[in-house]
Every structure is written in structure tokens, then in C-alpha cells.
Amino acid sequence: MRSKNEAAGVSRATREAKCRAALTFLFADHEAGHAVVAAYLRVPFRYVLAQGYYSQKTVSNRVTLAYEPRVRRFSYDRRTDSMHERPKAEIDRELHRQIRNQAIVTLGARAAVDAMGTNFPSDIVGNKKALRVCAKMIGIRGTEFQSWRDGLLKVARDIISIPHVMAAIHLVSLELRYKGRMSAKQVHDELRRCISPPKAAA
């Protein structure tokens, strides 16, 4: 027979496993929102995780971006077969576009869980911090922040309302629930399949 300590250990392990499974289901919708909106906006990312762990020290639910917003200083002109330096205004516009899109990706999770009716807590700490960083990078401060956020959340909700985007979020969420991880390529492939679903056999 098992000792009381062994039984307690098994019981605790069972509870933890059930808790992780429940969290995986909860985070799957959230992370699918991030990932599919990133794919739709062509924001480069490597993979998405939803593995049911969340604490202040360990976060195993996330979309890992490929790199921070950046713009090459020089561009190639095919017509003249030469390189030329981009004007500062052009570089600033492109950086602003990339940062804005990353902020929309951050809010894509909120838009997705709201649309899917998922009982998910309001914006988690990591998302709030990411949004604040984006805002600071483009000079949004103080009282401007809330109206800026609300405007981008509306953009995210408009994207989520596109039928093939919502369909892809459901499929990615389902995949994350059972596998816990998808590559960026897999997410892009799901989105493409939803845009052009295979034709039924005659």
C-alpha cells in the first residue's frame, strides 16, 4: 500500500496536471489570437506556445517574435542597380508601421477571446507591458495612451471579424490545445487554407 505522503504526492500531481490542461485550453484561444493576427499582418514570428504554465517567474504561453522593429538604412534600386540611403522620414514611417502592427498583434489576443466568448482575465501583465513599450517607442504618453489603445483594439477586432481569420484562430487554438506549440509556418499555412479551402470532390 502507498504511504500517506505518496498518496498526497500523487493527488497533488494529478491536480497540477488537470490545472495545466485547463490553463492550456484557456491560453490556446489567447495565443491563437496573437499568432493568427501576426500572420495576417505579416509580423515576423518564430513560434507560438500554449502549454498551461503561467507564473511571475515562468511564462510558457507566448508568441515569440522573430526580431524587434527595424528598417535598413539603405535600399536597393533595381532600375539603377544601385544602393541609396533612405530619407529619415521614410525610415520613421516604416518603423511606426511595424511598431503599430506589433501593438495590434498584442491586442489580437484580447479581441480573439472576446469574440470566442472565452472566460479570460483582462489584459495580462506581459501584454500590458508590451503595449506600453510600443506606445513609448512611437511617442504615445499619458492621457493619449487609452485612446490609442482603444483605436488599435478596434482595428484588432475588425481583423478578427474577417471570416477566414476567425476560422484560422479556431483551428490554431485547437492545435495548441493538443500539441502546445506551432511554428510560424504552420500558423501561416492554416491561415492560407482558410482563405482558400480545398474544393469538395465532385
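The following paragraphs describe the overall build of the protein chain and then the packing of two of its helices.

The model is predicted. Its protein chain holds six helices and five strands. Read from the N terminus, these elements follow the order α-β-β-β-β-α-α-α-α-β-α. A helix thus opens the chain and a run of four strands comes next; four helices, one further strand and a final helix complete the order.

Burial and contacts can be considered for the chain as a whole. The protein chain has 202 residues, of which 39% count as buried. Among contacts with a separation of 6 or more, 65% link residues 24 or more positions apart. The area exposed by the protein chain is about 12700 Å², and 54% of this area is supplied by carbon and sulfur atoms.

The packing of H5 against H6 can be followed residue by residue. Helix H5 spans residues 163-179 and helix H6 spans residues 184-195. Their axes lie 8 Å apart and form an angle of about 135°. H5 is therefore oblique to H6, since angles that are neither under 35 degrees, nor over 145, nor from 65 to 115 count as oblique. The crossing of the two helices, H5 and H6, is right-handed.

On the H5 side, the residues that meet H6 are His 164, Val 165, Ala 167, Ala 168, Leu 171 and Val 172. Their counterparts in H6 are Val 187, Glu 190, Leu 191, Cys 194 and Ile 195. By class, the residues of this contact between H5 and H6 comprise nine nonpolar, one polar and one charged. The charged residue is Glu 190, and the polar one is His 164.

Methods. Residues numbered from 1 in each chain as written. Predicted model: local features only at pLDDT ≥ 70, side-chain atom pairs only at ≥ 80, totals over all residues. Heavy atoms only, no water. Buried < 20%, exposed > 50% of the residue type's maximum accessible area, 1.4 Å probe, protein only. Contact = heavy atoms within 4.5 Å. Areas by Shrake-Rupley, 256 points an atom, 1.4 Å probe, with all protein chains shown as cover. Axes fitted to C-alpha atoms, helices over the stretch in contact; angles between N-to-C directions. Left-handed = near helix turned anticlockwise from the far one by under 90°.
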